[in-house]
Amino acid sequence: MKPLGLLTVVFAVIQGAASQRVKVDREVQANPGETFQLRCKFEVVQGISLTQVSWVRESSAGRENIAVFHPSLGSNYPDSFLKGRVSFVSPSLENPSISVSDAKTSDSGTYTCEYATYPSGTDQASSAVFILAKPQNNATTLPVLAGKDAVVVARCESAKGQPAGQVFWDTTAAGDQSNTTKLENDKTVSVVSEFRLIPKAADNGKDITCIIKHRAQKTDDIYKMKLAVQYPPTVSISGYDGQWYVGRSNVQLTCVANANPPPTSFEWTVASGQMPKTAQIIGNKLSVPKVDESINTTFACEAKNQLGSGQDRVTTLVTAEPPPGSSATSSIIGAIIGILIVAALIATGLLLYCRRRNRSENGDGPPKYKPPPPTRTGGSTEMLNKSHGVESQPLDYFDTSHEPVTNLDADDDDDDENVPNGNSGARNGLEDPFHQSNSSSRIPVSQPNLPDRFNQQEDEAGHAVPSHIGRGDSFISSAMLV
Ligand SMILES: *[C@@H]1O[C@H](CO)[C@@H](O)[C@H](O)[C@H]1NC(C)=O
């Protein structure tokens, strides 16, 4: 087992041109406290003699010799920051690799393996050494006030990393990041990244994520945050639908305030100065159990938070009578429609019931009526016209005095004579597209519409039943109807 904690990434990259005969690792990584190796090799060629080899650390402070080997004078380690921690692995001109123990972050830098040769002169290659230092990361958002100037809304820090941590931002908020980098005494790097934007109320609560990558981290550090922008209330009053009338019950105004921090108070005022007795105020709600003339006024609501206040007002016009098409009217219409739907459902149920009964009366014997061959007199256009005709006569549905159920019962009788003439008349009228245009002018009050709809369903199922055939069409399976 190799006692070295060497994290060699790239091996033996020839640097420079073909004349470059020195080979080193381009990049060497190690953790603090570990021992790492700097490998170096000279490709021996005839005609070149090697006289001496040395290792130099190059930094902004200059060049510093750390190890020298001469074939006859041996190894030497000049005074340097590595003194006592550096040694040649197997001292020779061909393989002058060195080993450095107890790695420190300050050992990071560029190390050059330098040969003195004859006759071509010096030849060299460099390794970049990273003594990894895992950065200390953190992130925070700064609560800001909505305003016109760009301010720092979030900060992300990667302190004392080697190499420097990489900071990324991810947000939908429109802003910019700016980084400041500081080189620490131990050669680690601290990075502070700030995210700036012009804070608007709409930015409050937006997601902002800071991601810090570093090669000493197994995974990226991800900080999910939310922007905190504070702003005074913007207020709107909801609940007035423009249809308040004397006697209307249970109306309510709501004072909707958008604010951060949330509003601390709501204050309702009225234009006349005296709050009507019929108005009940609870927080941001103003309720009126029974509308009267005193509500025919203008209400204002003011919401406050620590940063300021916002106001809205609404004039609640009260009419003496319910306006046409008001909720009272529409509820009557709704009730009528509901009754009609229920009636239609009852009719359907009865029809199905009668068919079943019919079938059981007939027993297993052959049906009394053979289905006539399908006659496609009008094709799909006819059907379209028919369905359109039914829809364009919604008034028929209001004619509840004609009991469709009774007619259905009569229809169900196997006697053709019992078919109401109006029924066949309606069918003829509907089937004729030219008569169709007149249908609205002669609303067939005497024709129950519901049976017609069932006839139509039969037609849609592919059984074009001539109008003279009775309605007790027991050969039509109920499955088709359902
Ligand atoms: C409410 O006030 C308006 C004028 O502001 C007036 O025309 C209307 O008649 C009033 N309604 C009632 C019910 O008094």
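**Exercise 1. Place Lys187 and classify its backbone and exposure.**

Step 1. Locate the residue. Lys187 sits in the loop between strand 18 (176–183) and strand 19 (189–197). The model is a predicted one.

Step 2. Check the backbone. Phi of Lys187 is near 70°. That is a positive value in a residue other than glycine.

Step 3. Assign exposure. The relative accessible area of Lys187 is 25%. Partly exposed covers the range between under 20% and over 50%. Lys187 is therefore partly exposed.

**Exercise 2. Do the same for Asp102.**

Step 1. Asp102 belongs to the loop between strand 11 (98–100) and strand 12 (109–118).

Step 2. Its phi is positive, about 50°, although Asp102 is not a glycine.

Step 3. Relative accessibility is 37%, so Asp102 counts as partly exposed.

**Exercise 3. Find where the cis peptide bonds at Pro163 and Pro261 lie.**

Step 1. Take Pro163. A cis bond joins Gln162 to Pro163, with omega about -5°. Pro163 is in the loop between strand 16 (151–161) and strand 17 (166–171).

Step 2. Take Pro261. The bond from Asn260 to Pro261 is cis, and omega is near 0°. The loop holding Pro261 runs between strand 24 (249–260) and strand 25 (265–270).

**Exercise 4. Is Ser54 buried or exposed, and what does Ser54 touch?**

Step 1. Place it. Ser54 is in strand 7 (residues 49–59).

Step 2. Read the accessibility. Ser54 has a relative accessible area of 8%, so the residue is buried.

Step 3. List the contacts. Setting aside residues up to four places away in sequence, Ser54 touches Ala67, Val68, Thr112, Cys113 and Glu114.

**Exercise 5. Describe the nonpolar cores.**

Step 1. Start with the largest. This core has 27 residues. Those with the most contacts inside it are Val22, Phe36, Leu38, Trp55, Ile98, Cys113 and Tyr115.

Step 2. Examine Ile98. Residues up to four places away in sequence are not counted. Ile98 then touches Phe36, Gln37, Leu38, Trp55, Ile66, Ala67, Val86, Ser87, Phe88 and Val89.

Step 3. Add the second core. A separate set of 18 residues includes Trp244, Trp268, Cys301 and Val318.

**Exercise 6. Which residues does Tyr240 contact, leaving aside neighbours within four places in sequence?**

Step 1. Place it. Tyr240 is in the loop between strand 22 (229–238) and strand 23 (244–245). With 25% relative accessible area, Tyr240 is partly exposed.

Step 2. Name the partners. They are Leu253, Val314, Thr315, Thr316 and Leu317.

Step 3. Look for a polar contact. A polar atom of the Tyr240 side chain lies 3.0 Å from the backbone nitrogen of Leu317.

Step 4. Check a C-alpha distance. Tyr240 and Gln252 are 12 residues apart along the chain, and their C-alpha atoms are separated by 7.5 Å.

**Exercise 7. Characterise the ligand site.**

Step 1. Define the shell. Val246, Glu293, Asn296, Leu317, Val318, Thr319 and Ala320 surround the ligand.

Step 2. Sort the shell by type. The residues divide into 4 nonpolar, 2 polar and 1 charged.

Step 3. Find the polar contacts. An oxygen atom of the ligand is 2.4 Å from an N or O atom in the Asn296 side chain. A ligand nitrogen atom is 2.7 Å from a polar backbone atom of Val318.

Step 4. Assess the cover. On its own, the ligand has 360 Å² of accessible area, and the protein covers 43% of this.

Definitions and conventions
Residues numbered from 1 in each chain as written. Predicted model: local features only at pLDDT ≥ 70, side-chain atom pairs only at ≥ 80, totals over all residues. Heavy atoms only, no water. Near = heavy atom within 4 Å. Polar contact = N/O pair within 3.5 Å; in protein donor to acceptor, adjacent residues only side chain to side chain. Areas by Shrake-Rupley, 256 points an atom, 1.4 Å probe, with all protein chains shown as cover. Nonpolar A, V, L, I, M, F, W, Y, C, P; charged D, E, K, R; others polar. Core = buried A, V, L, I, M, F, W, Y, C linked by side-chain atoms within 4.5 Å. Buried < 20%, exposed > 50% of the residue type's maximum accessible area, 1.4 Å probe, protein only. Contact = heavy atoms within 4.5 Å. Helix = DSSP H or I, 4+ residues; strand = E, 2+ residues; numbered from the N terminus.
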